[in-house]
Amino acid sequence: MKFVYVSGRRCLDFAGTMRHRTSTREELLTDPRLLSDWAVQAGLLDAGIDVTDDDLAAAIELREAIYRTVIARLELRRPQAADVDLLNQWSSQPQLTPRLLRTGATRREGTASQLLASLAADLLDLLAGTDIENVKRCAHPDCIRLYLDASRAKNRHWCGMGTCGNKAKVQAFRARQRASSGS
Ligand SMILES: [Zn+2]
C-alpha cells in the first residue's frame, strides 16, 4: 500500500487516508497493519508497531473527528461537541517521543495510542497557529484532499502537482483540443 503525504501536516495526511470524500469514498485503512504502515511511511515511527482491531477503530474515529473539525473551521462553523471531547481526550495522552541512544542515533517508537495522541495534538497545534488560515481542499472534484498551502502567494489549487495538478491540466488540454477540433 502506497500512501500519499502531500498535505503538509501529518493530521491532514491522516485525514486523507479516507480518499475521495465524495461519491466514491475509498477507505485506505482496511487492516490494523496498515495504520502501522501509514505511520512508518509518514516518518512518525522507525519500525512497525502492533495495532489491534480496537486501535484501528479508534484511529478511524479520531480521523473522522479531525476531518470534520477542519471542515467546520474552513466553513467558519463550530466543531461538533463530541469531536471536541474526543480530540481533547487524545491530545492529553502521552505522545510519540523520539529517544536519543548512547550511540548518538535516535529512535522513533511508541504505541498505537501514542500515535493517535500525536495526531490529535498535531491538529490542535494547527488550529492554534496561523497555518489553519491556509488549509484548503484540493480543487480537483474527485480528490478534495485537505492540504496546507505553503506557497508564498497562497495560490495553490491542488494537493499536489504530480497528482491532481497534472490531471486537471491534461483534462483542460483535452477539452481545448475537443473545442478546437469542433467535435
Ligand atoms: Zn488533489
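**Notes on the zinc-bound model**

1. Starting with the outside: the accessible surface of the protein comes to about 10,500 Å², and carbon and sulfur atoms account for 51% of that. Bear in mind while reading that this is a predicted model. Of the 183 residues in the protein, 40% are buried. The C-alpha atoms fill a box of roughly 70 × 40 × 35 Å along the principal axes.

2. On the fold: I get 6 helices and 6 strands in the protein. Read from the N terminus, the order is α-β-β-α-α-α-β-β-α-β-β-α, so if you want to follow along on screen, begin with a helix and end with one. As for how the chain comes back on itself, take the contacts between residues at least 6 apart in sequence: 55% of them join residues at least 24 apart.

3. A quick word on charge. The protein carries 27 positive and 22 negative charges, and the mean positions of the two sets are 10 Å apart.

4. Now the metal. Which residues hold the zinc ion? Its protein donors are Cys-138, Cys-143, Cys-159 and Cys-164, each through SG, at 2.3 to 2.4 Å from the ion. The angles among the 4 donor atoms run from 101 to 119°, and the site is tetrahedral. Along the sequence, the donor residues follow the spacing C-x4-C-x15-C-x4-C. Cys-138 sits in the loop between β5 (135–137) and β6 (146–148), while Cys-164 belongs to helix α6 (residues 161–181), so this pair ties together parts that are 26 residues apart in sequence.

5. Are those two cysteines buried or exposed? Cys-138 counts as buried because its relative accessibility is 3%, under the 20% cut-off. Cys-164 is also at 3% relative accessibility and counts as buried. Thr-163 is in helix α6 as well, but Thr-163 counts as partly exposed, at 34% relative accessibility. If you'd like a long-range reference point for Thr-163, try Phe-14: these two are 149 residues apart along the chain, and their C-alpha atoms are separated by 17 Å.

6. Two backbone angles deserve a look. Most residues other than glycine have a negative phi. Ile-144, which is not a glycine, has a positive phi of about 50°. Where is Ile-144? Its place is in the loop between β5 and β6, and at 17% relative accessibility Ile-144 counts as buried. Lys-154 is the other one to check: it is not a glycine, yet its phi is positive, at about 55°. Lys-154 lies in the loop between β6 and α6 and is partly exposed, with a relative accessible area of 34%.

7. For a residue out on the surface, go to Arg-102. This arginine is found in the loop between β3 (97–100) and β4 (106–109), and at 91% relative accessibility Arg-102 counts as exposed, since the cut-off for that is over 50%. How far is Arg-102 from Ala-172, C-alpha to C-alpha? They are separated by 56 Å, with their positions 70 residues apart along the chain.

8. Leu-119 makes a good counterpoint. The place of Leu-119 is in helix α5 (residues 112–128), and with 1% relative accessibility Leu-119 counts as buried. What does Leu-119 touch, leaving aside its neighbours within four places in sequence? Its contacts are Arg-10, Cys-11, Phe-14, Trp-38, Leu-44 and Ile-66. Asp-13 is 106 residues away from Leu-119 along the chain, and the C-alpha atoms of the two are separated by 9.9 Å.

9. If you have a few minutes with the viewer, I'd go through three spots. Take the zinc ion with its donors Cys-138, Cys-143, Cys-159 and Cys-164. Then look at the positive phi of Ile-144 and the positive phi of Lys-154. Finish on Leu-119 in helix α5, with its contacts, among them Trp-38 and Leu-44.

Definitions and conventions:
Residues are numbered from 1 along each chain as its sequence is written. This is a predicted model: local features need pLDDT of at least 70, side-chain atom pairs count only at pLDDT 80 or more; totals for chains, interfaces and linings use all residues. Side-chain values use heavy atoms; hydrogens and water are left out. Helices (H or I, at least four residues) and strands (E, at least two) are DSSP runs, numbered from the N terminus. Buried means under 20% relative accessible area, exposed over 50%, partly exposed in between (1.4 Å probe, protein chains only). Contact means heavy atoms within 4.5 Å. Accessible areas come from the Shrake-Rupley method with a 1.4 Å probe; for residues, only the protein chains shown count as cover. Lys and Arg count as positive and Asp and Glu as negative; His and the chain ends are not counted. The place of a charge is taken as NZ of Lys, CZ of Arg, CG of Asp or CD of Glu. Donors are N, O and S atoms within 2.8 Å of the metal (3.2 Å for Na, K and Ca); water is not among the atoms, so sites may look incomplete. Four donors count as tetrahedral if all angles lie between 85 and 135 degrees; four count as square planar and six as octahedral if opposite donors are over 155 degrees apart and all others between 65 and 115; anything else is irregular.
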